[in-house]
Amino acid sequence: MDADALSDARRPEWERLDALSRAHRLNGAQVDELIVRYRAASADLAELKTSVGDSPQGAYLSTILAAARLRLTGASDSILTQATRFFGSQLPAALYRVRWTTLVIALAFVLIWAITGAWIAADPERVATLGPPDVLQQYAEEDFVEYYQPAASFAGMVWTNNAWLAMQCVLFGVSGVWPVWMLAQNAIGIGVATAVMASYGYLDVMLLHILPHGMLELTCLFVAAAAGLHVFWAWVAPGPRTRGAALAAEGRALATVAIGLVFALGLSGLVEGFVTGSALPSPVKLVIGAAALGAFLFYMLVTGRRAVRRGESGDLVEYEAGTPTLVAG
């Protein structure tokens, strides 16, 4: 077979296939034509390779077919498009879905914190079991405050530690135990510290050193725990889906929470590293902390509600997640 002769005879058809592949929009008839011409060009390429092997005509046709194949099968969006969809729709929708569970967890955390602190502080003998009096006094008067010395390294340490805890809550939430156990341990630990600080008259100092960054930091951990428990519940009560399908869908949707919380915890880390222990007046510190929390809640509740109303669930789009399995019901 003469490759030049075949190229001359088929070139108008190949050029038409190339034009269809590059068109911005295609109607139904043009899509059908694209498929027909793609199959015909594939047959031409097979004939070229069989007859003459590698050739300039075959290379040219391969390029056209590659573009047509991408048009038929689809291509991933650009990084900018994916980032816009993630932060504008997927993440806020996933956050909004766990809002009520987050509230319940927050109330339970504060209740455990308050009960633990009040129960220990109410009896000096219970406080004494926490350590020697001189050690406890030094903790209340010096050690607690000195922990929050402004430094970039401190902010980075706090950020990475809290981000790791949040990711554990989401990723190990399928157990149904880990998020509850971790938050209960933290609530009890803060309650013990509260009892010590209150016993030595430094409760106000403690609150002023926890609230500026803690409002956002603790909220992020509550959200992470809520997301983890939602993954667990998808496994327990999958509805019409199989447990594997339900777990995969919820896991994909709520894993976005773990990724998004890294950024929110980065903000709380900056507040803890540069605001909490700074020389700024206490009211200014509290305002900064409240503003950081307010921005997060606006994103979670307002932006999230809008995303959910648009039909967003937080899951990946079909191209990213794969073809879904249809279920009855």
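## Two right-angle helix packings in an all-helix chain

Helix 7 and helix 9 sit roughly perpendicular to each other (an angle of 65 to 115 degrees; under 35 would be roughly parallel, over 145 roughly antiparallel and the rest oblique). Their packing angle is about 95°, and the axes of helix 7 (residues 133-146) and helix 9 (residues 178-199) lie 9 Å apart. Axes here are lines fitted to C-alpha atoms over the stretch in contact, with angles from 0 to 180 degrees between N-to-C directions. On the helix 7 side, Leu136, Tyr139, Ala140 and Phe144 make the contact (heavy atoms within 4.5 Å), and helix 9 brings in Ala193, Val196 and Met197. That gives seven nonpolar residues, no polar and no charged ones (nonpolar is Ala, Val, Leu, Ile, Met, Phe, Trp, Tyr, Cys and Pro; charged is Asp, Glu, Lys and Arg; the others, Gly among them, are polar).

A word on the ground rules: this is a predicted model, where local features need pLDDT of at least 70, side-chain atom pairs need 80 or more, and totals for chains, interfaces and linings use all residues. Residues are numbered from 1 along each chain as its sequence is written, and side-chain values use heavy atoms, leaving out hydrogens and water.

Now for the other crossing. Helix 4 (residues 79-97) and helix 12 (residues 282-309) have axes that come within 7 Å and cross at roughly 100°. That makes this pair roughly perpendicular as well. Helix 4 contributes residues including Phe86, Phe87, Gly88 and Tyr96, while those from helix 12 include Phe296, Tyr299, Gly304 and Arg305. The mix at this contact is 13 nonpolar, four polar and one charged.

Stepping back to the whole chain, you get 13 helices and zero strands (DSSP runs numbered from the N terminus: H or I of at least four residues for helices, E of at least two for strands). The radius of gyration, taken over C-alpha atoms, is 29 Å, well over the 20 Å that the globule rule (2.2 Å times the number of residues to the power 0.38) gives for 329 residues, so the chain is more spread out than a compact globule. The C-alpha trace spans about 100 × 45 × 35 Å along its principal axes. Contacts with a separation of 6 or more come 80% from residues 24 or more positions apart. Buried residues (under 20% relative accessible area with a 1.4 Å probe, protein chains only) make up 38% of the chain. The accessible surface (Shrake-Rupley, 1.4 Å probe) comes to about 17400 Å², and 65% of that belongs to carbon and sulfur atoms.

Two residues are worth a look. Met182 lies in helix 9 and is buried, at 4% relative accessible area. Leaving aside residues up to four places away in sequence, Met182 touches Leu165 and Cys169. Leu270 is in helix 11 (residues 243-276). At 47% relative accessibility, Leu270 is partly exposed (between buried and exposed, the latter being over 50%). Here is how each of them sits relative to His213:

| Pair | Apart in sequence | C-alpha to C-alpha |
|---|---|---|
| Leu270 and His213 | 57 residues | 8.4 Å |
| Met182 and His213 | 31 residues | 19 Å |
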